[in-house]
Amino acid sequence: IYHSNAGIGVDVYVFDTGIDSKNPNLQNLNVLKLNDLTNNVVPEGVDPQGHGSAMAGVVASETFGVLKKCNLIDLRSVENSGFSSLSTLLKAMSIAEEHFRITERPSVFIIPMIMTKNSILNSALENLSKKIAVIVPAGNQGLDACNFSPSSCQNKSNVLVVGSLDKSDELAPFTNYGSCVDVFTSGTEVTTLSHTDLSQRSLITQVNGTSVSCAIGGGVVGYYMSLGLNSSEAIQKVKDVSYYHDEIKKDYKVLQLKL
């Protein structure tokens, strides 16, 4: 059950391994491949690794998506190995921002990547247009998220940092935590889409990690933007509708998908 707006008019940019738009669960969506910045360029609609398609499935697929009517924009910036470089990510962000300035549509950047704290990456995020909502993962190291980027980006009202919960709404054992994390949501055994490789036995899969939590958070932010809120207002709304959950030595806000 979802609100009829469901992301109408919102562009969601996925910075990942690609989006396999051949998956039947995505075929009713507008999926634009904006660019492929990897060393092994693949045709439009192909994701040889699968991670990007899993994120797209959580955001917008017919069965599992939070935003079933948004536009998906594929910015392939992660290699088949699952790794990317800082220079590639910075270039991808620049291309995406330029595209946003042309469309002027409500836009969400989902950047499911993490690295050791880096002032260059943090500065790049802080210099993005404040009209863009940027959703990033807390990271999967089980440490303080303030020691990593882009989760350590500070003083930015349009950036949301999302960590992971297990099925009992407790912190997932792998999730980073601390003052740099804004909210936590589902991050273990989340069902989403697989890529349509002939060797796959199923077109669905289960994934774990703060990347998928980040994608869920991005979908909720996009939902509020489809209702007319700007990027900062939508992110603040997500924080406002979350609630505090107390655990020994940790206080964290939980985002429930009750829209």
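A salt bridge is taken here as a side-chain nitrogen of Lys or Arg within 4 Å of a carboxyl oxygen of Asp or Glu. In the predicted model, K167 and E189 satisfy this criterion through their side chains, with an N to O distance of 3.3 Å. K167 is placed in the loop between β8 (159–165) and β9 (183–186), and E189 in the loop between β9 and β10 (190–193), so the contact ties together parts that lie 22 residues apart in sequence. K167 is exposed, at 60% relative accessibility, whereas E189 is partly exposed, at 42%.

Over the whole structure, the search returns 7 salt bridges. One of these joins the side chains of D11 and R105, at 2.8 Å from N to O. D11 belongs to strand β1 (residues 11–16) and R105 to the loop between α2 (86–103) and β4 (107–110); the pair therefore ties together parts separated by 94 residues in sequence. The acidic partner, D11, has 0% relative accessibility and is buried. Its counterpart R105 is partly exposed, with a relative accessible area of 34%.

A further salt bridge is formed by D20 and K22, whose closest N and O atoms are 3.1 Å apart. In this pair D20 is buried, at 3% relative accessible area, while K22 is partly exposed, at 43%. Salt bridges also link K33, D36 and R76 into a network.

The cysteines were examined next. A disulfide is a covalent bond between the sulfur atoms of two cysteines. The count for the model comes to 1 disulfide, formed by C146 and C180, with their sulfur atoms 2.1 Å apart. The link of C146 and C180 is right-handed, with 110° about the S-S bond. Distant parts of the chain are connected by this pair: C146 is in the loop between β6 (132–137) and β7 (148–149), C180 is in the loop between β8 and β9, and the two are 34 residues apart. Both cysteines of the disulfide, C146 and C180, are buried.

C153 takes part in no disulfide, and the nearest cysteine sulfur, that of C180, is 9.3 Å away. C153 is buried, with a relative accessible area of 8%. For C70, the closest cysteine sulfur is that of C214, at 14 Å; this is too far for a bond, because a disulfide requires sulfur atoms within 2.5 Å. C70 is likewise buried, at 1% relative accessibility.

Empty space was also considered. Rolling a probe the size of a water molecule over the atoms shows where such space is left. The largest pocket holds about 500 Å³. Its lining comprises 24 residues, among which G82, F83, P112, M113 and I114 lie nearest the centre of the pocket. Two or more lining residues come from each of β1, α2 and α4 (210–226). By residue class, the lining of the largest pocket contains 12 nonpolar, 11 polar and 1 charged residues. Strand β1 and helix α2 thus appear in the lining of this pocket, and D11, the buried partner in the salt bridge with R105, lies in β1.

Notes. Residues are numbered from 1 along each chain as its sequence is written. This is a predicted model: local features need pLDDT of at least 70, side-chain atom pairs count only at pLDDT 80 or more; totals for chains, interfaces and linings use all residues. Side-chain values use heavy atoms; hydrogens and water are left out. Helices (H or I, at least four residues) and strands (E, at least two) are DSSP runs, numbered from the N terminus. Buried means under 20% relative accessible area, exposed over 50%, partly exposed in between (1.4 Å probe, protein chains only). On a 1 Å grid over the protein atoms alone, a cavity is a set of points where a 1.4 Å probe fits but cannot get out, and a pocket is an open set with protein on both sides within 12 Å along at least five of seven lines; lining residues have an atom within 4 Å of a point. Grid points are joined across faces, edges and corners, and a volume is the space filled by probe spheres set on the points. Ala, Val, Leu, Ile, Met, Phe, Trp, Tyr, Cys and Pro count as nonpolar, Asp, Glu, Lys and Arg as charged, and the others, Gly among them, as polar.
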